[in-house]
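Subject: Structure for your files

Hello,

Below is the structure I said I would pass on. My notes on what was found in it follow.

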Amino acid sequence: MSERDPGFVHRFFPGETGVTLLLLHGTGGDENDLVPLGRELAPGAAILSPRGKVSEYGAARFFRRLAEGVFDQEDLVFRTHELADFIEAAAEEYGFDLSKLVAVGYSNGANVAASLMLLHPGLLRAAVLFRAMVPFEPEETPDLSGMPVFLAAGRTDRMIPPQSTERLAEILREAGADLDLRWRDTGHALTYEEVAEAREWLSGVLLKLS
Ligand code: MLT
């Protein structure tokens with residue numbers, strides 16, 4: 001495998017609250033996709049939004065998969081470390097406070113956020129995961145004590161098996177995360193109601209950060 005490259009195509013928007021949102025798009029998205037969602041979830045927060053480097057027939061992703069829901073584990077680990085390198089380099093370049101970095105991920109972006117939490121515990125202060133599943137089974141339980149995590153799942157999601165979301169929830173709870181798991185009778189697409197719920201949840205979390 002090639003050497004890690006911390007360069008990602010990305011957008012950065014400075015903020016005024018001291019908090020930075022790391023926006024991680026779904027398969028086929030890009031660095032612009034989640035910017036309106038980020039602004040809705042945390043008005044005034046800075047935004048760091050990278051584009052996944054893997055191309056699946058032209059669709060950008062954060063790591064390779066062998067089939068739907070079957071991840072290339074070697075690539076996943078490599079890409080997760082690469083993303084962590086990028087985040088650290090971006091914090092230096094733009095001068096944002098890494099201790100107030102909150103991830104917001106959707107689908108493939110939520111899965112790479114979960115992988116970041118397992119491989120780099122402590123890098124993210126909190127996370128909002130929309131439609132996430134287990135990226136990999138960790139060999140050792142990481143220490144995510146007290147980390148606030150909002151996990152929003154759809155009961156009829158055909159891309160994300162419910163048992164895999166439940167397993168991720170179990171791993172995060174075992175790691176000590178302060179998990180808020182919300183199931184809705186909906187599919188893979190995000191609903192307005194859960195964005196509103198995530199916004200409310202996040203405003204409580206951000207109050208404690210500032
Ligand atoms: C993934 O590949 O990360 C998940 O299957 C969700 C997606 O398609 O993005």
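In this predicted model, an N or O atom in the side chain of N111 is 2.8 Å from an oxygen atom of the ligand. The protein covers 99% of the 260 Å² of accessible area that the ligand has on its own. Two further side chains place polar atoms at a short listed distance from ligand oxygen: for T27, an N or O atom of the side chain is 2.7 Å from an oxygen atom of the ligand, and for R61, a polar side-chain atom lies 2.8 Å from one. These pairs are polar contacts because their N or O atoms are within 3.5 Å.

The surroundings of the ligand are as follows. The ligand sits in the second largest pocket. Around the ligand are T27, R61, F63, R65, G69, F71, S107, N108, N111, M159 and I160. By type, this shell divides into 4 nonpolar, 5 polar and 2 charged residues.

Three members of the shell have further entries.

F63: this residue is one of those surrounding the ligand and lies in the loop between strand 5 and strand 6 (65-67). Its relative accessibility is 0%, so F63 counts as buried, the cut-off being under 20%. From F63 to L83 there are 20 residues in sequence, and the C-alpha atoms of the two are 10 Å apart in space.

F71: this residue also belongs to the ligand shell, and its place is in strand 7 (residues 70-71). F71 is buried because its relative accessible area is 9%, which is under 20%. Along the chain F71 and E174 are 103 residues apart, and their C-alpha atoms are separated by 23 Å.

S107: another residue of the shell, S107 is placed in the loop between strand 8 (101-106) and helix 3 (108-119). With a relative accessible area of 9%, S107 is buried. The phi of S107 is positive, about 55 degrees, although the residue is not a glycine. Most residues other than glycine have a negative phi.

Where does Y57 lie? The residue is in the loop between strand 4 (54-56) and strand 5 (59-61). Y57 is not a glycine either, yet its phi is positive at about 50 degrees. Is Y57 buried or exposed? Its relative accessibility is 86%, so Y57 counts as exposed, the cut-off being over 50%. Put side by side, the two positive-phi residues are S107, which is buried, and Y57, which is exposed.

The last residue in these notes is G18. G18 is found in the loop between strand 1 (10-13) and strand 2 (20-24). Its relative accessible area is 40%, so G18 is partly exposed, a value between the 20% and 50% limits. How far apart in space are G18 and L209, C-alpha to C-alpha? The distance is 8.9 Å, while in sequence the two residues are 191 residues apart.

Regards

How values were computed
Residues numbered from 1 in each chain as written. Predicted model: local features only at pLDDT ≥ 70, side-chain atom pairs only at ≥ 80, totals over all residues. Heavy atoms only, no water. Near = heavy atom within 4 Å. Polar contact = N/O pair within 3.5 Å; in protein donor to acceptor, adjacent residues only side chain to side chain. Areas by Shrake-Rupley, 256 points an atom, 1.4 Å probe, with all protein chains shown as cover. 1 Å grid on protein atoms, 1.4 Å probe; cavity = no way out; pocket = protein on both sides within 12 Å on 5 of 7 lines; lining within 4 Å. Sits in = over half its atoms within 2 Å of the grid points. Nonpolar A, V, L, I, M, F, W, Y, C, P; charged D, E, K, R; others polar. Helix = DSSP H or I, 4+ residues; strand = E, 2+ residues; numbered from the N terminus. Buried < 20%, exposed > 50% of the residue type's maximum accessible area, 1.4 Å probe, protein only.
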